[in-house]
Amino acid sequence: MGSEMVGGASLLRMGDIVSLYAEGQVNGFISTLGLVDDRVVINPSSGDLTVPPKKFRDCMFKLCPSNRYSAQKQFWKAAKQSGGHGTDASLLSRLHVSTT
């Protein structure tokens, strides 16, 4: 997607791909730990602004709207009440939604 220019600065839009670089006590690109794991890390030894990381695709993020579904909220509420056991049968039975 193309970005618009406003006053010499380009605006981000949904669908744009960005990379994030952290500067502070630790400098480095922010990257994912994998497709399944939703955590991110900063690995200063993997690269910097002059020499990007070899796996730069792990440092790329797509801007998407935040989706908060009622079923997701219901799940987290029930999981919290059951002590964090997200796979037990009682939790799943409480979350069962009738299709009638």
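A residue counts as buried under 20% relative accessible area, as exposed over 50%, and as partly exposed in between. By that yardstick F56, at 27% relative accessibility, is partly exposed. Welcome to a quick tour of this predicted model, in which F56 belongs to one aromatic cluster together with Y21 and F29. The notes below start with the chain as a whole, then move to the sheet, the rings and a buried serine.

**The chain as a whole**

- Along the sequence the elements follow the pattern β-β-β-β-β-β-β-α-α, giving 2 helices and 7 strands.
- Of the 100 residues in the chain, 14% are buried.
- The exposed surface of the chain comes to about 8,200 Å², and carbon and sulfur atoms supply 58% of that area.
- Taking contacts between residues at least 6 apart in sequence, 34% join residues at least 24 apart.

**The three-stranded sheet**

- An open sheet is built from 3 strands in the order β4-β5-β6, with antiparallel pairing.
- Why do β4 and β6 each have one side without a neighbour in the sheet? Both stand at the edges, β4 at residues 21–22 and β6 at residues 40–42, and each has a single partner strand, so one side of each is left open in this way.
- Strands of a sheet pair through backbone hydrogen bonds, in either a parallel or an antiparallel sense.
- β4 pairs with β5 (residues 28–32) over 2 bridges, in the antiparallel sense.
- These strands, β4 and β5, form a hairpin with 5 residues between them.
- On the other flank of the pairing scheme, 3 bridges join β5 to β6, and these strands also run antiparallel.
- One residue to look up here is T32, whose bridge partner in β6 is V40.

**The aromatic cluster**

- How many aromatic pairs does a search of the whole structure find? There are 2.
- One of them joins Y21 and F29 in an edge-to-face arrangement, with 5.0 Å centre to centre and 75° between the planes.
- Y21 also stands opposite F29 of β5 in the sheet, so the reader can follow the ring pair and the strand pairing at the same place.- F29 and F56 form an aromatic pair too, again edge-to-face, with 5.4 Å centre to centre and 85° between the planes.
- That pair links distant parts of the chain: F29 lies in strand β5, while F56 lies in the loop between β6 and β7 (60–62), 27 residues apart.
- Is F29 buried or exposed? F29 has a relative accessible area of 8% and is therefore buried, since that value falls under 20%.
- Y21 counts as partly exposed, because its relative accessibility is 26%, a value that lies between the limits of 20% and 50%.

**S31, a buried residue of β5**

- S31 is placed in strand β5.
- With a relative accessible area of 12%, S31 is buried.
- Which residues does S31 touch, not counting those up to four places away in sequence? They are R39, V40, V41, D58, C59 and F61.
- Among these contacts is V40, the residue that is also the bridge partner of T32.

Key. Residues numbered from 1 in each chain as written. Predicted model: local features only at pLDDT ≥ 70, side-chain atom pairs only at ≥ 80, totals over all residues. Heavy atoms only, no water. Pairing = 2+ DSSP bridges. Helix = DSSP H or I, 4+ residues; strand = E, 2+ residues; numbered from the N terminus. Phe/Tyr/Trp six-rings, centres within 6.5 Å; stacked < 30°, edge-to-face > 60°. Buried < 20%, exposed > 50% of the residue type's maximum accessible area, 1.4 Å probe, protein only. Contact = heavy atoms within 4.5 Å. Areas by Shrake-Rupley, 256 points an atom, 1.4 Å probe, with all protein chains shown as cover.
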